[in-house]
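Here are a few short exercises to help you find your way around a new structure. Keep the viewer open, try each task, and then walk through the solution.

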Amino acid sequence: MNIALGRHHADASKRGWQYRLHIDAPLLLALIAVAGYGLIVLYSASGGDAGIIERQLVRLGIAFSGMFVIAQVPPRLLQRLTPWAFMTGVLFLLAVLIGGETSGGAQRWLNLYIVRFQPSELMKLAVPMMVAWYLAEARLPPHRWQLLAAAVLIAVPMAMIAKQPDLGTAVLIASSGFFVLFLAGLQWRLLAFFSVLTAAATPVIWHFMHDYQRQRVITLLNPESDPLGSGYHIIQSKIAIGSGGLFGKGWMNGTQSHLDFLPERSTDFIFAVLGEEFGFLGILLLFGIYALIVLRGMMIAIQAQDSYTRMLAGSLSMTFCVYFIVNTGMVTGLLPVVGLPLPMISYGGTSIVTMMAGFGILMSIQTHRKLLAT
Amino acid sequence: MHRAVVLLVLGGMLCLVLFGRLLYLQVIEHDHYRTLSEDNRVKLQPIVPNRGLIYDRNGILLAENLPSYRLEITPEQIDSMTATLDGLADIIEIRESDRSRFEQLLARKPRFEAIPLLLNLSDEEVARFSVNRHRFPGVDITAGLARHYPHGTLGAHALGYVGRIDEQALKELDTSNYRGTTYVGKIGIEKTYESLLHGTVGLQQVETTAQGRVLRVLNRQAPVSGRNLYLTLDSRIQLAAEAAFGDYSGSAIAIDPDNGDILAFVSLPTYDPNPFVNGIDHAAYDALRNNDRQPLFNRALRGQYPPGSTVKPFMGLAGLEQGVTTEHSSTYCPGFYMLPGNSRKYRDWKRAGHGTVNLNISITQSCDVYFYDLALSLGIDNIHSYLGQFGFGRSTGIDILGELSGLLPSRDWKRRRHDQPWFPGETIITGIGQGFFLVTPLQLAAATTALANGGHMLQPNIVYAEQAASSQALIPHTPRLLDTITINQQQHWDDVIKSMIDVVHSQRGTARSIGVDSPYEIAGKTGTAQVFGLKQEEKYDAKTIDEKLRDHALFIAFAPADEPKIAVAVIVENGGSGGSVAAPIARQILDAYLLEPTP
């Protein structure tokens, strides 16, 4: 496992401005590309609303700045702060469950009087950090009891978020935790065991699901059962994507989106707009950029010098991968509608900031590596 | 293998699954989804054609289209129809009939089509809804055109009216041409000429939002407006005729003997067709239905009355032309008539009798005995065939639906209808227009027309021209000659017409009261039709008898007698006497047409 690491040694020629600014140029370029692509799609999806583009630009500015700031923080410090961040996050989640603000039927928001924010966003980073922190202290591969403890570290915040309810984020957090476990060397037979256990637990999970969540699963299996109700989203987005064909209908020419047939077209279902207007090739381009980001992230993980950063970088990169696979899967009707935005493209909120903070961590990990003797 | 690589491979596999899905959606099923997307985007909307206008012969507007606001509901945008209707009922009155009609349409029409709930909203109702509009998604006010009859009751029985398309109408109509149409002709000219008046629906392909809001029109096929109709009716005569009846119920038809144009079409009492357009409410409808005088009953078309003595000129002509009698043959009238070997007395209206009478006197003074004798000489078969030529017992074929055919009795008919042989006594009373003999006012007028124009049976027509909305040109409806009655000897006709002139203009004529001051010569014949039979020795006394059982008063006439321009038939229900009640009404109709200059 350390073979890949051992082979690597950064030579002085690479330690230029990227290291001084703690910026990873390939990652940055890919992120700028996807953000630009996103703005083009969003402009069309919003029906040419310059105001929305302006606000999205501001948000992207904040997110990129946040990334840049976090990239300056050495991974060591990050590692030390991890338990505190995690505990703060759990406390915030508790506060949300008790006295959070409700919006759109879900209790996700915490009003801190200065900013309204979703503690679940913080947990997207805090959970993988915490699991990595916990397992980094231990000897790898982890012992059974350590795995159990790590599982609790994942399950508690996940359950609290699922309760809000925010199934999408809960799934992301679970997978980010799982990736850390997997990278830590989770035994294959345990993995198999847990897979079986999860399958067995499905009816139990079903029992605890909200009606609307159950409806989403039913709708996924048979959207035509309720074409004007909950199946409407999926039917219309499939029509949008399918009618886009190989080359798409052209920018600003998507009839499904421009004529209001496509719901949530600036946010969660923006992928359908892209599919309709830019076609299969447009989607390939997007996936190409996404693949670059994930590959670069995994490369950073592979090149990382200790197990904390390696596990964290791997988890963050793979979670990004899960992010867009879940979103595109739900928009194309492969997965239930869980309410996850298309990363870097969808209009809105804190998720971009969190995601960019994650990339900041990746950049920090990459650019704070110690020089190895040549 | 490095675990990170395992994860990457896993992610890559998931991406491949996604690509498979995308290829399926965007390449394999592309055509399917493209079609769906087109369906989403493009809707076919009907453009309702404007209904043709109806004018009288002088260009006076009788039926027009006025702008009106209607409340429409698009069912697919409604969550709970009951809640929506109840909510609307709180702001705007929704009658039970509106609601049930709406529900009928709801079951039959596609869910994306707007269905009218209320038509002809008042300004106040429009305002009240507008304020509350946000509460009712899927409910809209649209401006449309509604039929209006500016002259109200005038000629209502001829014009008829349109009404909302209901379930029944929907079954009969060509639904593709009536997409979006609200009104359909229910009765009268509006119904008969429905296909001309309605026009052809236009279609437009529109791009809509999911909410059905039209963004732009992709292509448009213009509707063809219905054709305007110019009626043969003359509003002035119609008005004069309706006024002339006063409070009497009855009917009058005036026809131009040259071409069969109906100049006046009166059936009284009449009604205002306007409330029917948007659905008359139950109370008003019940009041009309339960009215003893039956204002909704089209007497001109469907009223069947014994013609009484108005049949005598036709009988006289039959006698002369068939060689059964001559101008100079005379009969003695003792006030009654008896069949040989039968004690039953067939009374003359004049108890004392007319003394010795010939045909002229018998028509002028309306002697019954002469015609009893003549009828018997002719026999029912001759009567049936000769009078049949004048259209009795047959519908006239007027272009208003619903006409009844009256009854000209015959041996065949009696055998069929009553399974009985024909009795000579029945021939006798047929001779004075009683017994089984029934005519509609329209038939009587048509027969009088043939008498006036020398035997040309014309099909009465009420529309003389139509006009495409896009042009000024009138397309005339050509008069239709049904039959020409063979004239054996012109002198016979002249004799009968001379007798009819004497009815009005001679000293002893039964209608002399209207002839005294007439500036033109009128040929006429009075008639009185028994509503109920008198017993053998009973005396008819109008004063002691219930008004509803009083005799009907009839009068037929044409003028000027030497060159007839108008023929009329007047029937006054329970009017009593033809000479004193029906004839003056006819005179006013003649005056209105002959004396007042055409505008």
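Before you start, note that this is a predicted model.

**Exercise 1. Find out how strand 11 and strand 12 of chain B are arranged, and how covered strand 12 is.**

Step 1. Locate strand 11 at residues 250-255 of chain B and look at its pairing: six bridges join it to strand 12, and the two run antiparallel.

Step 2. Pick one pair to check: Gly250(B) has Leu268(B) in strand 12 as its bridge partner.

Step 3. Follow the chain from one strand to the other. The two strands form a hairpin with six residues between them, and in the turn Gly260(B) has a positive phi of about 85°.

Step 4. Now look at the cover. Strand 12, residues 262-268, is mostly covered, with seven of its seven residues buried.

**Exercise 2. Locate two cis peptide bonds in chain B.**

Step 1. Recall what to expect: most peptide bonds are trans.

Step 2. Go to the bond from Leu268(B) to Pro269(B), which is cis with omega near -5°. Pro269(B) sits in the loop between strand 12 and helix 11 (274-277) of chain B.

Step 3. Move on to Ala559(B) and Pro560(B), also joined by a cis bond, with omega about -15°. Here Pro560(B) belongs to the loop between strand 22 (552-559) and strand 23 (566-572) of chain B.

**Exercise 3. Are Met252(A) and Asn574(B) buried, partly exposed or exposed?**

Step 1. Start with the backbone. Most residues other than glycine have a negative phi. Met252(A), however, has a positive phi of about 70°, and phi of Asn574(B) is near 55°.

Step 2. Place them: Met252(A) is in the loop between helix 11 (231-244) and helix 12 (255-258) of chain A, while Asn574(B) is in the loop between strand 23 and helix 22 (578-594) of chain B.

Step 3. Apply the cut-off: buried means under 20% relative accessible area. Asn574(B) has 12%, so it counts as buried. Met252(A) has 28%, so it is partly exposed.

**Exercise 4. Which elements give two or more residues to the nonpolar surface patch?**

Step 1. Find the patch, about 730 Å², whose members include Leu281(A), Leu284(A), Leu23(B) and Tyr24(B).

Step 2. Assign the elements: helix 13 (270-303) of chain A and helix 1 (3-28) of chain B each give two or more residues. Helix 1 of chain B gives the most, with four.

Step 3. Check one member. Tyr24(B), in helix 1 of chain B, has a relative accessible area of 35% and is partly exposed.

How values were computed:
Residues numbered from 1 in each chain as written. Chains lettered and ligands numbered in written order. Predicted model: local features only at pLDDT ≥ 70, side-chain atom pairs only at ≥ 80, totals over all residues. Heavy atoms only, no water. Buried < 20%, exposed > 50% of the residue type's maximum accessible area, 1.4 Å probe, protein only. Pairing = 2+ DSSP bridges. Patch = residues over 30% accessible without salt bridge, like charges linked within 9 Å, V, L, I, M, F, W, Y side chains within 5 Å. Areas by Shrake-Rupley, 256 points an atom, 1.4 Å probe, with all protein chains shown as cover. Salt bridge = Lys/Arg side-chain N within 4 Å of Asp/Glu carboxyl O.
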